[in-house]
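Student: Before we trust any label attached to this model, could we go through how each one follows from a value and a cut-off?

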Amino acid sequence: MTSLGIGLIGTGYMGKCHALAWNAVAPVFGDVGRPRLAVLAETSQDLAERKARELGFDRATGDWRTLVSDPAVDVVSITTPNAFHPDMAIAALEAGKHIWCEKPMATKLADAERMLAAARASGKVAALGYNYIQNPIIRLIRRLLDEGRIGEVNHVRLEMDEDFMADPEEFFSWKSEATSGHGALDDFGVHALSLIWTLFGGVRRVCGHMAKPYADRPVQGGGRRAVETCDIATTLIELENGASGLIALNRSAWGRKGRIFVQLFGSKGTVVYDQERMNEVQLYTTDGEKQTQGFRTILTAPHHPPYDKFIPAPGHGLGFNELKIIECRQLIGRIRGEAATLIEFEDGIRIERTVDAVARSAHSRQWVEVSSSEAKQAA
């Protein structure tokens, strides 16, 4: 395969993460060609040119439509605010490009369904940016579950908390606008659901609740504006395998910085993982003498691939950007026809349908079945 030509739309936090991953994937893994950073798109030509120089892209444009139609671009990284994902992804797919789109797919389920239809029609790879599932620790947890180390899992509990919206006097931003989605549910909840999908599969039904800790926020220049999204969401879940569960989400949790706290309870033990300590997992098993039973901490090491591609010594730790590089390698492998650990649109739509079911449940205050097909959703 010739070197892939890359187009990047958006250069905020996640745009920079994508650029770093495209720059690093070849030297880190050594088994893929160095991608060609072809075109970068931003909201203005001046900003695009400055960011292209910083991030190493050959050309720049102030119009993303120019990027998706450029013949030098094979893969489009979409890292814009959520509401822009559908139009950009569909246009790129219709132009014959592969897609690496940040989560969530869209702010409305109908738009996510359109994106899936476009991906199916194009025959191109359409992947979503769920890099937390790429952590070697998550791969280890999956192996422990497959091996039955904690027996049959009967309950899962996930909490995701950050405090970037904890201050009631923080200025109103696009994340508080209804156009950005439901709030914590799809901004955060999709990450929790990506872990559930990777470890267990889908969710059968949900009972959700959403809340606004603050009714309004100050606007730069004066005045206040009503908050249109919910920064807190909680849902009971029933997995397709019958296990029960709970997902609790909070974007206004003082003191929490990047917490995804996972507890998996089985018939023979428990697994505990905290994203703020992302290079370790706690394992409790019931084998052995009761006097010496207890949680033990396992640190990531070279024998937890692909940790070994980054660091030759155990316990030194990977970070958020390294997970993005792993995801980038998985995407390239998928484009090359290899098996890959990714959440593509075909899987991501299940997450979006679960989010939609939780939102409907929160409004109806009833348990809601998660649709498993377009036909059910339409009904």
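Tutor: Let us start with a helix contact in this predicted model: Leu109, Ala112, Glu113, Met115, Leu116, Ala119 and Arg120 in α5 meet Phe345, Glu346, Ile349, Glu352, Arg353 and Asp356 in α10. By class, the residues of this contact of α5 with α10 divide into 7 nonpolar, no polar and 6 charged.

Student: What makes α5 and α10 roughly antiparallel to each other?

Tutor: Helix α5 (residues 109-122) packs against α10 at an angle of about 170°, and their axes are 10 Å apart. Angles over 145 degrees count as roughly antiparallel, and α5 and α10 are therefore given that description.

Student: Which residues have the most contacts inside the largest nonpolar core?

Tutor: They are Ile141 and Phe345, in a core of 112 residues, to which helix α10 (residues 345-364) gives the largest share, 8 residues. Leaving aside neighbours within four places in sequence, phenylalanine 345 is in contact with ten residues' worth of names I will only sample, including Ala89, Leu93, Ile99, Met105 and Leu128.

Student: Why is α1 called roughly perpendicular to α9?

Tutor: The axes of helix α1 (residues 13-29) and helix α9 (residues 320-335) come within 8 Å and cross at roughly 65°. Because the class runs from 65 to 115 degrees, that crossing makes α1 roughly perpendicular to α9. The crossing of α1 and α9 is right-handed, and the residues that make the contact include Tyr13, Trp22 and Phe29 of α1 and Phe320, Arg329 and Ile332 of α9. By class, the contact of α1 with α9 has 16 nonpolar, 2 polar and 2 charged residues.

Student: How do you know that helix α8 is mostly covered?

Tutor: Buried means under 20% relative accessible area, and 10 of the 11 residues of α8 (residues 189-199) are buried. Among them are Gly189, His191, Ser194 and Leu199. After α8 comes glycine 201, whose phi is positive, near 105°.

Student: Why is arginine 296 called partly exposed?

Tutor: Arginine 296 has a relative accessible area of 37%; since buried means under 20% and exposed over 50%, with partly exposed in between, arginine 296 is therefore partly exposed. Arginine 296 is found in strand β16 (residues 296-299), and, leaving aside neighbours within four places in sequence, is in contact with Arg149, Val281, Gln282, Leu283 and Thr285. The C-alpha atoms of arginine 296 and valine 271, which are 25 residues apart along the chain, are separated by 9.9 Å.

Methods
Residues numbered from 1 in each chain as written. Predicted model: local features only at pLDDT ≥ 70, side-chain atom pairs only at ≥ 80, totals over all residues. Heavy atoms only, no water. Axes fitted to C-alpha atoms, helices over the stretch in contact; angles between N-to-C directions. Helix = DSSP H or I, 4+ residues; strand = E, 2+ residues; numbered from the N terminus. Parallel < 35°, antiparallel > 145°, perpendicular 65-115°, else oblique. Left-handed = near helix turned anticlockwise from the far one by under 90°. Contact = heavy atoms within 4.5 Å. Nonpolar A, V, L, I, M, F, W, Y, C, P; charged D, E, K, R; others polar. Buried < 20%, exposed > 50% of the residue type's maximum accessible area, 1.4 Å probe, protein only. Core = buried A, V, L, I, M, F, W, Y, C linked by side-chain atoms within 4.5 Å.
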